[in-house]
Amino acid sequence: MAPEQSLHSLGERVFGPELMQRQAPEEAGRPEIDRIILGRFACREFSEKPVMRHTIREILAVARFAPSGANIQPWNVYALSGAPQKRLSSALLEAHRNARTEHVSEYKYYADVLPSPYRQRRQEFGQIFYGSLGIAQTDVEARADQTAKNYTFFGAPVGLIVTIDRRLEAGSWLDLGMFLQNVLLAAAGRGLDSCPQETFAKYHKILREQLPIPEEQMVVCGISVGYAKVEPGLKSMPRADLDDFADFTGFES
């Protein structure tokens, strides 16, 4: 079975056919914002179709209206395209292939020990994602090769590097998350695909060599932006049922 076929069939077993078909979100009465949210996915293969500077400026100009405590707006973005983006990708790939153990992110993304149910969700992601690519979970080099594609921005014509002032507290990271979601949705609303990528944070030293990132800023993530090369068979990982995470008190039936 071809990888894309196995991915689709696995996704259908995990999500059910109704979720697998939601990439055509023309359901009557559904708000447009719902269709954009449900239709967005993490694209990992982009076409060479260019994205203009003015489009990225529009996306960021909209995204900046994310809420933030006391309106401090704790985000910084470095947008790359063309030759500078390719130079950065080359430097990142070189480090990933030959010195990846020498680089580490300045913040911890995952807890050392993930409690239930988060541990199981992470394991399920690995099974679905790497399984769809035919990569065994024990195949360290194949997984590293797949990770390397991040540093080419998956072929996207635009890469964004996002930072936050390291002197800020956890609340500002909450604000930054809302800004990042705005970027993804504003891109989707313009027909663009995207992929947020935490893995860029690991190579912050190389990013500082290539970009004017001051010392007080911490690299949080990158975002690839462009047009999907192919329509993926599976657009979303399984999501917890609403009743698994939401509690309602005081509402009328």
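The legends below describe close-up views of a predicted model.

**View 1. Helix H5 and its surroundings.** Helix H5 covers residues 82-98, and for its 17 residues a rise of 1.5 Å a residue gives an expected span of 24 Å, which agrees with the 25 Å between its end C-alpha atoms. Gln85, Leu88, Ser89, Leu92, Leu93, Ala95 and His96 are the buried residues of this helix. Seen down the axis of H5, these buried residues fall within an arc of 165 degrees, so they line one face of the helix. An α-helix has 3.6 residues a turn, so residues three or four places apart point the same way. The cover over the buried residues of H5 includes strand S1 (76-81), helix H7 (140-148), strand S2 (158-165) and helix H9 (204-210), while Lys86, Arg97 and Asn98 are exposed on the other side of H5.

**View 2. The aromatic pair of Phe153 and Phe200.** The ring centres of Phe153 and Phe200 lie 4.8 Å apart with their planes at 25 degrees, and the pair is therefore stacked, since planes under 30 degrees apart count as such. The pair links distant parts of the chain, 47 residues apart, with Phe153 in the loop between H7 and S2 and Phe200 in the loop between strand S3 (193-197) and H9. Both Phe153 and Phe200 are buried, and ring pairs link them with Tyr151 and Tyr203 into a cluster.

**View 3. The aromatic pair of Phe248 and Phe251.** Phe248 and Phe251 form an edge-to-face pair, with 5.8 Å from centre to centre and 75 degrees between the planes, and both residues are exposed.

**View 4. Charged ends over tyrosine rings.** The charged end of Lys49 sits over the ring of Tyr227, 4.2 Å from its centre, and that of Arg143 sits over the ring of Tyr130, 4.1 Å from its centre.

Notes: Residues numbered from 1 in each chain as written. Predicted model: local features only at pLDDT ≥ 70, side-chain atom pairs only at ≥ 80, totals over all residues. Heavy atoms only, no water. Helix = DSSP H or I, 4+ residues; strand = E, 2+ residues; numbered from the N terminus. Expected span 1.5 Å × (residues − 1). Buried < 20%, exposed > 50% of the residue type's maximum accessible area, 1.4 Å probe, protein only. Arc of directions from axis to C-beta. Contact = heavy atoms within 4.5 Å. Phe/Tyr/Trp six-rings, centres within 6.5 Å; stacked < 30°, edge-to-face > 60°. Lys NZ or Arg CZ within 6 Å of the ring centre and 35° of its normal.
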